[in-house]
Amino acid sequence: MNYMLLIYSDPAMDPAYGTPAFDAMMKGFFDMNTSMKADGVLRGGEALQGVETATSLRLRGGRTETMDGPFAETREHLGGYYIVDVPDLDAALRYAAMIPTAQWGTIEVRPLMHYNPAA
Amino acid sequence: MMNTAAPNPVAKVVAEVMRRDRGRLLAALAARLRDMQLAEDALQDAVISALSHWGRSGLPNSPQGWLLKVALRKAIDRLRSNSRAVRNIAELTLLAEEEAQEAPFDTIPDERLRLIFTCCHPAIEPKSRLALTLRTLGGMSTVEIAAVFLDSDVAMGQRLSRAKAKITAARIPFAIPDPEHWPDRLQSVLTVIYLIFTRGYAAGPARGLTLCEEALFLARLLNDLSPNDAEIEGALALILITNARAGARVQGGQTVLLAAQDRMQWNHALLDEGRALVAAALACRNLGPSSSQQLLEPFTSFYL
C-alpha cells in the first residue's frame, strides 16, 4: 500500500541554514532516506520551495483566478513529502516518526489511491 | 403459520451462540477479511442461513465453527458481487483458496486481542474507539451505544461506519503491536476500557450498570488474552474494586462517602479478586515479596 507522508511545519520553527540544528535536521533526513532505500519502501519524495514561491489557481464561473500564496492561511505549510510502499498504517507511521520535522511540525499520513497518471 | 408465542428452539440457540461468541466470531472474520464492515455483514448473512439451515438439518457439531465457515463463504460472495470492491483478484483468489482448504472449525481461533488493538488504534478518533470497542467486542447494539452517548442512532451509525471505513482504507492493521509500541498502544486500549467504565460509573447504578459490566468484561477479556501484564492487572483490579462498592455507593439518590458505606453491601468476591490482582501486579514489577507486602498493607487493611 502506498502512503504519502506530508510534511507540515511553521517555517519560523524550521532550523536556519548554517546552524547546528540545521545540520542535525539534514542528517536526520539523510539517515532516513538511507534506511528507507535499504528497506525498499521509498517510492518518491521531494522538498518544496517556500510558500512565498507558491501560486494557487482556481476556476470560478469559467474564469481562472490566480493568486499569490498557498491555499490555506495557516501557520503550518506543506514543505515536502515522501511516498512509501509499506504493508499497513503502523509501518507508515514508523517512517513518519523518523522525519526530523515531526519534532516541531506535523506529518500527515494519507493512503494513496491507484490513479497515478504518470505510471 | 408460525406460532409466534412458542419460542423457536433454533432461534434461541442462534441467539445464545451470538451472545456468547459474537466478538470471537467477528474477530476471526475481521482478521481474515481485514474489513470490519464486511465481517459484520457476512456474520449477519451466516446467522440468517443458520436460522433456516439448522431448523431443517439439525444443529451442527460446532455451531460457532459452522457460522465462521459460512460467514467466510458469504464474505467471498459479497466481494465477488461488489463491482466497486477495491480488492484485487489475487487477494480474492487467495481468500477463496484458504476458505476451501479450511476444514470446518471445531474451535474458533481467538483473534480478539488483535481486534481490541485495532478498535483502540490511536489513528481512530477517541470517541469512535469507545463506540467501536463496545460494538465489536462488547455486546452492545448501535442503538444502545447511541443511547449512552446521548447521540441519535443515525449519528452513531455514521460514526461507526466512518471508523470502520478508515480501518479498511488506511489499512490500520489487525495486529498485536510490536514490543516497542506495546506500552503506548496498551495504554490506548486501557484508556478506552476505563472511559467506558467511568462513563457507566458517572451515570449511576441505575443507568450505568451496562457500561460498568461491559468495561469489566473487556478488562477481564484483555487479562485472559494477555495474562501476567501488570498494567492490565492493575486496570482490572481498579475496575473490580470500584465495582464491588456499587451496591453501597448510592442510597436514596444520595452519594454515600466511602467511610460511611455499609460494607455488608460490598461485593466481597469482586474485592478479593481485585486484591489478588493487585498483589500479582506488584509482584510482576519485581518489587520482591516484602516490599510488595508493605505496599499492599495499607491498601488491604482499608478494605477489610
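**View 1. A:Ala47 and its bridge partner across the strands.** A:Ala47 finds its bridge partner in β5(A), namely A:Gly80. Zoom out a little and strand β2 (residues 42–47) of chain A runs antiparallel to strand β5 (residues 77–85) of chain A, with five bridges pairing them; a pair needs at least two DSSP bridges between the strands. Helices (H or I, at least four residues) and strands (E, at least two) are DSSP runs, numbered from the N terminus. This is a predicted model, where local features need pLDDT of at least 70, side-chain atom pairs count only at pLDDT 80 or more, and totals for chains, interfaces and linings use all residues. Residues are numbered from 1 along each chain as its sequence is written, while chains are lettered from A and ligands numbered from 1 in the order in which they are written.

**View 2. β2(A) and its lack of cover.** Of the six residues in β2(A), zero are buried (buried takes 20 or more other C-beta atoms within 10 Å of a residue's own, exposed 12 or fewer, partly exposed in between, with C-beta atoms placed from the backbone).

**View 3. A:Gly28 on its helix.** A:Gly28 sits in helix α1 (residues 20–39) of chain A. With 16 other C-beta atoms within 10 Å, A:Gly28 comes out as partly exposed. A:Ser56 is 28 residues away along the chain, and 31 Å separates the two C-alpha atoms.

**View 4. Chain B up close.** Here we've got 13 helices and two strands, and 32% of the 304 residues in chain B count as buried.
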